[in-house]
Amino acid sequence: MASEHPAAAQEPPLLDLTDVSVSYAGGAVRALDGVSLTVRRGQIVVLLGVNGAGKTTTLATISGLLPYTGGSLERGSVRFAGEDLKGRTPSSRVQRGISMVMEGRRVFPDLTVEENLVAGGFTRSTTEARSARDRVLEMFPILAERRKQLAGLMSGGEQQMLAIGRALMQSPTLLMLDEPSLGLAPLIVEQIKEIVVEINRQGTSVLLIEQNAAMALSIADYAYVLDSKRVARAATGRELLADRTVQELYLGVAGEGRASFRSAHRARTTGALS
Ligand SMILES: Nc1ncnc2c1ncn2[C@@H]1O[C@H](COP(=O)(O)OP(=O)(O)OP(=O)(O)O)[C@@H](O)[C@H]1O
Ligand SMILES: [Mg+2]
């Protein structure tokens, strides 16, 4: 986890979303309504939010995949390293340094571990891809051991490591992960956490979506809570871990059982009982 150096605050952010609004189904479904967020170089930034809050939509907007999911950017901008990404294709965003691990561990099941990695390095020269592969295999000994095995035969945790390894084949500046620990055993979740910290330590900025809020906030430099299509709260990981509303909604601490961040937060700050 990198703490922010005073000079870093003056640098333009690595990633900057400003007032982003997104809809699906030709405008019938609004998914994001004026979302702004920032990732600075060297940071781990976490995005929390209940199901349907708009987390995956946010990543799709950044990666450029949004139009392919039937979504459209109605308003706002996405800037990466100072450049407006409007009109840039997903693969040109990958080439600019943005890689993503999608929801649901999507590896190619009929390809070997090694072939999956090679596929991940699709924009790179053979020499670059080879050295990236060697670095990935060093970071994930389990993938080195299984490099000739079909990906579909590996456990869920191993497939997730492969999905992360594949994204690292681009040596990204920004790695985005969409719920990497979902459905995995606590021991594997812990390993994924350590891997994210190590990737970050080696210089990659991270934007992490997680249902496992305790894990995510423990490594977050900064975190955003999405609720009802908007950013409901933004603070350091430490501050959010101590926040009563976050504890109640995301950390399993007994509360009033309210369904949304807004209603819980409003009740707490106004003293309302409803
Ligand atoms: N392709 C789509 N077409 C229509 N509506 C969509 C589409 N994708 C997402 N939505 C809607 O947009 C809203 C945000 O969805 P999104 O997948 O971004 O949420 P999420 O926070 O990632 O949820 P989850 O935790 O379940 O993954 C939801 O209301 C969802 O139903
Ligand atoms: Mg999602």
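Visitor: What makes the pair formed by a nitrogen atom of ligand 1 and a polar backbone atom of Thr69 a polar contact?

Guide: In this predicted model, the two atoms lie 2.8 Å apart. A polar contact needs N or O atoms within 3.5 Å, so this pair qualifies.

Visitor: Which side chains make polar contacts with an oxygen atom of ligand 1?

Guide: Glu103 has a side-chain N or O atom 2.7 Å from an oxygen atom of ligand 1. Glu179 places a polar side-chain atom 3.4 Å from an oxygen of the ligand, again within the 3.5 Å limit. As for cover, the protein hides 65% of the 630 Å² of accessible area that ligand 1 has on its own.

Visitor: What surrounds ligand 1?

Guide: There are 14 residues around ligand 1, and the closest are Gly52, Lys55, Thr56, Thr57 and Glu103. By class, the shell holds 4 nonpolar, 7 polar and 3 charged residues. Helix 2 contributes the most, with 3 residues.

Visitor: Why are Thr56 and Glu103 called donors of the magnesium ion?

Guide: Thr56, through OG1, and Glu103, through OE, lie 2.0 to 2.3 Å from the magnesium ion, ligand 2. The cut-off for a donor atom here is 2.8 Å, so both count. Thr56 belongs to helix 2 and Glu103 to the loop between strand 6 and helix 4, so the pair ties together parts 47 residues apart in sequence.

Visitor: How do you know whether Thr56 and Glu103 are buried or exposed?

Guide: Thr56 has a relative accessible area of 31%, and Glu103 has 33%. Buried means under 20% and exposed over 50%, so Thr56 is partly exposed, and so is Glu103.

Key
Residues are numbered from 1 along each chain as its sequence is written. Chains are lettered from A and ligands numbered from 1 in the order in which they are written. This is a predicted model: local features need pLDDT of at least 70, side-chain atom pairs count only at pLDDT 80 or more; totals for chains, interfaces and linings use all residues. Side-chain values use heavy atoms; hydrogens and water are left out. Donors are N, O and S atoms within 2.8 Å of the metal (3.2 Å for Na, K and Ca); water is not among the atoms, so sites may look incomplete. Helices (H or I, at least four residues) and strands (E, at least two) are DSSP runs, numbered from the N terminus. Buried means under 20% relative accessible area, exposed over 50%, partly exposed in between (1.4 Å probe, protein chains only). A residue is near a molecule or strand if one of its heavy atoms lies within 4 Å of it. A polar contact is a pair of N or O atoms within 3.5 Å; within protein, one must be able to donate a hydrogen and the other to accept it, and residues adjacent in sequence count only if both atoms are side-chain atoms. Accessible areas come from the Shrake-Rupley method with a 1.4 Å probe; for residues, only the protein chains shown count as cover. Ala, Val, Leu, Ile, Met, Phe, Trp, Tyr, Cys and Pro count as nonpolar, Asp, Glu, Lys and Arg as charged, and the others, Gly among them, as polar.
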